[in-house]
Amino acid sequence: MKLQVAMDLLTVEDALELAGQVAEYVDILELGTPLIKAAGLSAVTAVKEAHPDKIVFADMKTMDAGELEADIAFKAGADLITVLGTADDSTIAGAVKAAKAHNKGIVVDLIGVEDKVTRAKEARALGAKFVEMHAGLDEQAKPGFDLNGLLRAGAEARVPFSVAGGVKLSTIGAVQQAGADVAVVGGSIYSAADPALAAKELRDAIA
């Protein structure tokens, strides 16, 4: 299982600093949507140039103009980008077309999708590299949220998937047991007193 760090920061400088601290322990460097909106796709370019050996994931959350937005992000240095699962099939297909042209990949983010299992299968059929079983920060803040719904959906869908939604040291074992291809960790790394140590502990827990 790969380890992905979601860098939900707001400046390129902060993202580069965090990436430098944790790159040794993670496989995928994700530029969160707020970072891309605040700093633009130059942030993607900067992170890819600093870490050419890492998979750089641009969390675009594309909802329309799939081929165009994907093409822009791939040209900026992204290896993977997200298209929302609630987007029209044609938007996902357009993004996949751009991904094939660049030899890159599309991840379909199932945030806000009610029937994640069905949509995961549809997204995979449309050419998604994998799907992301994702609960956003607002959903995680609701009383009673837990990760198990995402893990069950991932296991049931039987397609390659990642899990994002409050993954931390105490739950990463369950994420791996559910069969996830990628564990996405945000706050547990970037909010830690020692992000490098937090990333190392997560890496060790997977190993």
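With a relative accessibility of 2%, Glu132 counts as buried in this predicted model, and the residue belongs to strand β6. When residues up to four places away in sequence are set aside, Glu132 touches Gln4, Phe57, Val107, Val108, Asp109, Leu110, Ser162, Ala164 and Val184. The side chain of Glu132 is also joined to that of His134 by a polar contact of 3.2 Å. Although Glu132 and Thr82 stand 50 residues apart along the chain, their C-alpha atoms are separated by 8.7 Å.

The strands of the model close into a barrel of eight, in the order β1-β2-β3-β4-β5-β6-β7-β8, with parallel pairing, and the twist from one strand to the next averages 25°. Within this barrel, strand β3, spanning residues 55-62, pairs in the parallel sense with strand β4, spanning residues 80-84, over three bridges; Ala58 stands opposite Ile81 of β4. Strand β6, comprising residues 130-134, is crossed by helix α6 (residues 116-125), which also lies across β5 (105-109) and runs at about 160° to β6.

Helix α4, formed by residues 66-75, has Gly66, Ala70, Ala73 and Phe74 as its buried residues. Viewed down the axis of α4, these buried residues fall within an arc of 100° and therefore line one face of the helix. The elements against which the buried residues of α4 pack are β3, β4, α5 (89-102) and β5, whereas Leu68 and Lys75, on the other side of α4, are exposed. The helix is followed by Gly77, for which phi is positive, near 120°.

A further set of contacts centres on Lys104, a residue of the loop between α5 and β5. Because its relative accessibility is 32%, and the partly exposed class lies between 20% and 50%, Lys104 counts as partly exposed. Apart from neighbours within four places in sequence, Lys104 is in contact with Phe74, Ala78, Asp79 and Ala99; of these residues, Phe74 is one of the buried residues of α4. The contact with Asp79 includes a polar contact between the two side chains, at 3.0 Å. Lys104 also lies 6.2 Å from Leu80, C-alpha to C-alpha, with the two residues 24 apart in sequence.

How values were computed. Residues are numbered from 1 along each chain as its sequence is written. This is a predicted model: local features need pLDDT of at least 70, side-chain atom pairs count only at pLDDT 80 or more; totals for chains, interfaces and linings use all residues. Side-chain values use heavy atoms; hydrogens and water are left out. Two strands pair if DSSP finds at least two bridges between them. Helices (H or I, at least four residues) and strands (E, at least two) are DSSP runs, numbered from the N terminus. Axes are lines fitted to C-alpha atoms, for helices over the stretch in contact, and angles run from 0 to 180 degrees between N-to-C directions. Contact means heavy atoms within 4.5 Å. Buried means under 20% relative accessible area, exposed over 50%, partly exposed in between (1.4 Å probe, protein chains only). The arc is that of the directions from the helix axis to the C-beta atoms. A polar contact is a pair of N or O atoms within 3.5 Å; within protein, one must be able to donate a hydrogen and the other to accept it, and residues adjacent in sequence count only if both atoms are side-chain atoms.
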